[in-house]
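Ready to practise reading a protein structure? Grab a pencil, take a look at what is shown below, and try each exercise before you peek at its solution.

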Amino acid sequence: MSISTADTDRLSATFGDVLKASRRASLLPLGMLAVALLYLVYTWFAFDMGKVFGAADAERSVILSRDSFHYKYQLEHSQRRNDFSITVEGNRETEIAGTENVPAWVTRQNNETRVDLGDGHVAHFGNGFMDYTAPDGSVYQVRTTEEGVTVNGYRSILVDDRYYRFLPIGADPAAGLLNLEELAELGIIPQGASFATTKFEYAPDFYKRLRVTRSQVLVERYFFGWEFFWFGPKSPLAGMGLGEVWEVATSDQRIDPELANYEYVFLQFWRNPDWQHNEMFIALLETLLMALLGTFVAAGVGLPLGFLAAANFNPFFAGRMALRRLFDFLRGIDQIIWSLIFIRAFGLGPLTGSMAIAFTDTGTLGKLFSEAIENIDNKQVEGVRSTGAGAIQRYRFGVIPQILPVFVSQTLYYLESNIRSATVIGALGAGGIGLKLVQAMQTHKDWENVMYLIIMTLIVVIAMDMGSGWLRRKLTGAEAAKA
Amino acid sequence: MSDQALSIGELQTHFSEMEHKRRLYTALFLGASLVVFFGGFYIADDLNSGGFWQGLAKFFDYPYEIVVESIEADRWAGLLVDYFPALIETVNMAGVATLVGALLAMILAFCSSRNLGIFAPLVPIARRAMDITRAFPELILALFLIFLLGASPIPAMIAVTFHTAGALGKLFSEVNENIDSKPLEGLQATGATWLQRMRFGVLPQVLPNYCSYALLRFEINIRASAILGFVGAGGIGQEFKTAISWGAGADISALFTLLFITIVVIDQISSRIRRNLVGGTFQMA
């Protein structure tokens, strides 16, 4: 059914005021939307967002996503010492000594190394040289000479102190120079390589990287996974499967005469130098402790203060006002600021974090509890009084049962949110998992350790969320938990 | 319990048994709490680099130092003006994050409410998405983005937006599920399309609640943006960090005053608007 024009005219004539009001009312949200849009446009320019997004470092996102879930074998021939080493993740701790642990794709002969990088890429290198063979068969010979790094007989010179230009060794610079693109066109260097007097660098794909500088030849190959997650590279258990480890743990012959085998296996895992499971566990525990202790103290101190701030318990107006303002003050100063003050007084550690949480949440919980106490139903108290109960019995049986659900559910709710805040407070200096995370991230290396920390943090946060949600429902009933 | 009525004696034994059990649980709970409390305190005190009891004596030293330095400073009020742009930056970070986050939250909320006739398989997906965005600490995301985009307010803004979308989305979807379905049915009877039903049947019911939740979130986001400044996201947090590491007492107190006043003012304004919007105060669940 549709309305004709005549009908609408008649309607607007009869109910003009109503329609006008409704049109005005519908304009308000549109106006607000326009203001919001204008604000976003203003901030786009105020923060210069276009430029920041334009300058986003794509290479870094590649590094991030690769290094978080991959590990690399780093093969290095040092020019100065003329020696060769294989490490995992470039960490000295993980150096592979001897010959039996050398991966099958690496062959060593006469202090020269041949590395099969997979997919037909092969690198052959030694003291001051590297021959890289691409899958199409073309060979690139990189040498370190008196004139710097050279590739396939070409060397580089710096022009105008700014650009690198290239020419054959021994040729006169005046005879003509090539730039990097032209060099790649001629097939002298691979497409996408970088070449300068001090270095030659080329990454054929995501999983391989070659680098030659005056002091070292470096070949890296990436593999998916977290290497040495269970046992460190120096551990005799490194690289064993679950079954083998089980066999070791249950066998009669002790590896370490001091320890039972299962203890030995556990300690090898626990003190893995690469992943530091023990430190991670302690850091997680610190964060949990911060949240738990802080919330407990806040609830324990907040409840009696809440009674004192409630009008139906404390008849002194001045005292109530003073307490209310104290609650506002404690709440108003942010947790981070409290934690900064406490760091000065108590040093770094979980105690500092838990004090900061306790201070802010005493304010919040005290206020909530005092409101709950003021809102109780007086009939229950009167009923208890009519049985001849004393003051303590009145509170025990008349008041406490009424505020207990609020007390439990609010305390648990704040416990949940405090686990998240404890991570943040920790990151700002109080310690725990937050600090470890920030340190690992700001040094910009070992992204897989960062990822491990993040995954553990998320697991703890989500588990605590679910656990306390479950407890809250269990203790207060589903209805109360919803509110 | 059996069908036959219990004798008074049996009832009494049964009752006192249950009473004993309950008392036992209460005692166990209290005992466990005390153990956690004192044990936790002991462990925390042990792990801390400075002790609790030594620290207690020094507790007021730092605030005292700051106050003395602020009083001795030549132009303390001038510092307030100097740091005002940094404050504006932080407020803007929170503003953008709240606006964009609320918009995303609205989309997520409409996708996760069962009563609005949305494509059903979308509901659990949207809910899980909200769970994940809520669980992810802002700080971690901000650090990642700072690595990718460089140190500027924008990574922090994106991180806060991400968290806001999940946190508000959950609240919004609860609002959506509690609406009165009669206007929707009325609109359906006139042959309104889905969009028209949402626009005229749902939005008028939920917008006041949306706005008040978003305002509450705005307050929270100001604090969050200030905190993220500490890891290099600019704004007042970054100034704070610099001032603290230089030990500049007057600057610290000026920044602290600015932040405190802002939080209180925005708290007051938003609670007034919220009262007008929904009539009566309400708690953020």
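Here are five exercises with worked solutions, all about this predicted model.

**Exercise 1. Work out how the overall dimensions of chain A relate to those of a compact globule.**

Step 1: Start with the rule for globules. For 483 residues, a compact globule would have a radius of gyration near 23 Å.
Step 2: Now look up the value for chain A, which is 35 Å. That is above the globule figure.
Step 3: Add the outline. Along the principal axes, the C-alpha atoms of chain A fill a box of roughly 105 × 90 × 55 Å.
Step 4: Check burial too. Of the 483 residues in chain A, 31% are buried.

**Exercise 2. Find the domains of each chain and say how far apart their centres lie.**

Step 1: Chain A splits into domain 1 (5–46), domain 2 (70–224) and domain 3 (277–482).
Step 2: Between domain 1 of chain A and domain 2 of chain A, the C-alpha centres are 67 Å apart.
Step 3: Chain B has domain 1 (8–58) and domain 2 (76–278). Their C-alpha centres lie 38 Å apart.

**Exercise 3. Lay out the six-stranded sheet of chain A and pick out its edges.**

Step 1: Chain A has 15 helices and 14 strands in total, so we need to choose the right strands.
Step 2: Six of them make an open sheet in the order 2-1-14-13-12-11, with antiparallel pairing.
Step 3: An edge strand pairs on one side only, and here that fits strand 2 (83–88) and strand 11 of chain A.
Step 4: Look inside the sheet. Strand 1 (residues 70–78) of chain A pairs with strand 14 (residues 216–224) of chain A over nine bridges. One pair of bridge partners is Ser78(A) and Gln216(A).

**Exercise 4. Which residues of strand 12 of chain A are on its covered face, and which strands are its neighbours?**

Step 1: Recall the general pattern: in a regular strand, side chains alternate between the two faces of the sheet.
Step 2: Apply that to strand 12 (residues 199–202) of chain A. Phe200(A) and Tyr202(A) form the covered face, while Lys199(A) and Glu201(A) form the uncovered one.
Step 3: On to the neighbours. Strand 11 (residues 194–195) of chain A pairs with strand 12 of chain A over two bridges, and Ser194(A) has Glu201(A) as its bridge partner. A hairpin of three residues links these two strands, 11 and 12 of chain A.
Step 4: Strand 13 (residues 208–213) of chain A pairs with strand 12 of chain A over four bridges, with Tyr202(A) opposite Leu210(A). The hairpin between strands 12 and 13 of chain A has five residues.

**Exercise 5. Describe where chain A meets chain B, then track down the nonpolar cores.**

Step 1: Count the contact: 52 residues of chain A touch 46 residues of chain B. On the chain A side, helix 10 (residues 335–346) of chain A gives the largest share, seven residues.
Step 2: Sort that side by class, and you get 36 nonpolar, nine polar and seven charged residues.
Step 3: Next, the largest nonpolar core, with 129 residues. Its best-connected members are Leu437(A), Ala142(B), Leu143(B) and Leu228(B). Helix 10 (residues 194–233) of chain B supplies the largest share of this core, 16 residues.
Step 4: Zoom in on Ala142(B), whose contacts include Pro155(B), Ala159(B) and Leu228(B).
Step 5: Finally, a second, separate core has 25 residues, among them Ala123(A), Val151(A), Ala193(A) and Val217(A).

Methods:
Residues are numbered from 1 along each chain as its sequence is written. Chains are lettered from A and ligands numbered from 1 in the order in which they are written. This is a predicted model: local features need pLDDT of at least 70, side-chain atom pairs count only at pLDDT 80 or more; totals for chains, interfaces and linings use all residues. The radius of gyration is taken over C-alpha atoms; the globule rule is 2.2 Å times the number of residues to the power 0.38. A residue is buried if 20 or more other C-beta atoms lie within 10 Å of its own, exposed if 12 or fewer, and partly exposed in between; C-beta atoms are placed from the backbone. Domain bounds come from an automatic or database domain assignment. Two residues are in contact if their C-beta atoms, placed from the backbone, lie within 7 Å. Ala, Val, Leu, Ile, Met, Phe, Trp, Tyr, Cys and Pro count as nonpolar, Asp, Glu, Lys and Arg as charged, and the others, Gly among them, as polar. A nonpolar core is a set of buried Ala, Val, Leu, Ile, Met, Phe, Trp, Tyr and Cys residues joined through C-beta atoms within 7 Å. Two strands pair if DSSP finds at least two bridges between them. Lists of a residue's contacts leave out its neighbours within four places in sequence.
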